[in-house]
Amino acid sequence: MSDIRERLQHWLEIDLDKLTANLQTVNGWLREQRPDAPPGLIAVVKNDAYGFGAVPCARAFAEAGAFMLAVTSLEEALELREAGLTQPVLVFLPPQAAELPLFVQYNLTATLDSLHTAELLQGWSQLECHLKLNTGMNRFGLEPGEELAAALGLLQQPDAPKLCGVYSHLATALEPEEKFARLQIERFGQAKAQVEAAGFAETSICWHLANSAGSLRYPEAHFSAVRVGSVLYGQLGLAKKKGLSLAEPFAAKARVAAIREIAKGAGVGYSQEFVAKKPTRLAVISYGYGDGFGVTASARELTIKDSVQEMSRNVGKLVLGRYQRGVFWQGRLLPILGRVAMQSMMVDIGDLSLQVGDVVEAPMRRTAASCRLPRVYLRQGQVVEARALLTKSLLKD
């Protein structure tokens, strides 16, 4: 296909070769840890593959060796099936009754997380499921012991779904303190023994506990498979500490939409928050907070400790002159002037030879990137696929 980027004002660029390389790097590291029985790799492509685009990423991971894909919802799983992906797909959310026919029709793996779900799945013997254990995350999962025993009893009934996997989730795999993570690993091992004692053979079940961080920090948590997400997308700093060299597959790019010169004393943008102290050249870039630029997650409970740490970091950046947000052109920072608007911003370009139509790169949180931004996929530096919501005609040659 022709280079669609020539017809775009802004886009997200995803290098599929780098995604593939990351999976192979992780797989190689896992095999070094357990050369006798390396774990299988489940590639997590939830939330539109962390903003990268679920279908192209899932296809790349499957071709590179992931034996299973994992998503959060039925809708995410159906997107993969309708795109032609045939690999096993685990859906994390426990199914609702009305969803069960689709799970069977599209050969999807359901999560059995409670006695309620175990009872719901009775009569669906054609369905495969993974049993979810609560080892301390306290989000989803059966409690080991009596509740788990009751669920296993239901799974032994003739009309029960087929149990193909058992999993849990580490809550503190990234935290320096290891005590709770090791407690979860111990609890998972104890529950594994309980499942096997109930007559379910170890070799016929996929046992998976470790997420990306857990996979790197706790080889004893590998069991028969690991579930990795962020590390495949090059987003886990821990990987570098473990000696893994991950590629950066993501870039948010935009063309300069306009250039203007303003006089000393002129204001810029909403509320005129920036006032030029000297004649200034600025460029207008078509990214804003509505596109995901500058958006960060801040939903957790605010504590005094968090507030003090954040204030200290910001004061330090101001003192050192490092508190500058902006975009990059040929490796140079172009600082933002004034307030970022919904879909645009202004940046200081000084005396640089920047022209309308030149391409800049914007740092952006992947999962915050708007689904309306076009995604462009590369192989060997060439565009092989592109997609955009509600603008399919744009992508046709």
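The following exchange goes through salt bridges and one pocket in a predicted model.

Student: How many salt bridges does a search of the whole structure find?

Tutor: The search finds 14 salt bridges.

Student: What makes Glu-63 and Arg-379 a salt bridge?

Tutor: Their closest N and O atoms are 3.8 Å apart, and the cut-off is within 4 Å, so the pair counts as a salt bridge. Glu-63 lies in helix H3 (residues 54–64) and Arg-379 in strand E18 (residues 375–379), so the pair ties together parts that are 316 residues apart in sequence.

Student: Why is Glu-63 called exposed?

Tutor: Glu-63 has a relative accessible area of 59%, and exposed means over 50%, so the term applies.

Student: Which term fits Arg-379?

Tutor: Arg-379 has a relative accessible area of 24%. Buried means under 20% and exposed over 50%, so this residue is partly exposed.

Student: How do you know that Glu-220 and Arg-182 form a salt bridge?

Tutor: The N to O distance is 2.2 Å, and the limit is within 4 Å, so the pair qualifies. Glu-220 sits in the loop between helix H9 (212–217) and strand E9 (225–228), and Arg-182 in helix H8 (residues 179–197), so parts 38 residues apart in sequence are tied together.

Student: Why do Glu-220 and Arg-182 count as partly exposed?

Tutor: Relative accessibility is 39% for Glu-220 and 37% for Arg-182. Partly exposed is the range in between buried, under 20%, and exposed, over 50%, so both values fall in it.

Student: Where do Lys-192 and Glu-196 lie?

Tutor: Both residues are in helix H8, 4 residues apart, about one turn of the helix. Lys-192 and Glu-196 form a salt bridge, with the closest N and O atoms 2.7 Å apart.

Student: Is Lys-192 buried or exposed?

Tutor: Lys-192 has a relative accessible area of 12%; buried means under 20%, so Lys-192 is buried. Glu-196, at 28%, is partly exposed.

Student: Which residues are linked in a network of salt bridges?

Tutor: The network links Asp-3, Arg-5, Glu-13 and Lys-253.

Student: What lines the second largest pocket?

Tutor: This pocket has a volume of about 660 Å³ and is lined by 26 residues; Lys-46, Tyr-50, Arg-139, His-169 and Asn-211 lie nearest its centre. Helix H2 (46–50), H9 and E9 each supply at least two residues of the lining. By class, the lining residues divide into 13 nonpolar, 8 polar and 5 charged.

Student: Why do Lys-46 and Arg-139 count as charged, but Tyr-50 as nonpolar?

Tutor: Lys and Arg belong to the charged class and Tyr to the nonpolar class, so the names settle it.

Note on methods. Residues numbered from 1 in each chain as written. Predicted model: local features only at pLDDT ≥ 70, side-chain atom pairs only at ≥ 80, totals over all residues. Heavy atoms only, no water. Salt bridge = Lys/Arg side-chain N within 4 Å of Asp/Glu carboxyl O. Buried < 20%, exposed > 50% of the residue type's maximum accessible area, 1.4 Å probe, protein only. 1 Å grid on protein atoms, 1.4 Å probe; cavity = no way out; pocket = protein on both sides within 12 Å on 5 of 7 lines; lining within 4 Å. Points joined across faces, edges and corners; volume = space filled by probe spheres on them.
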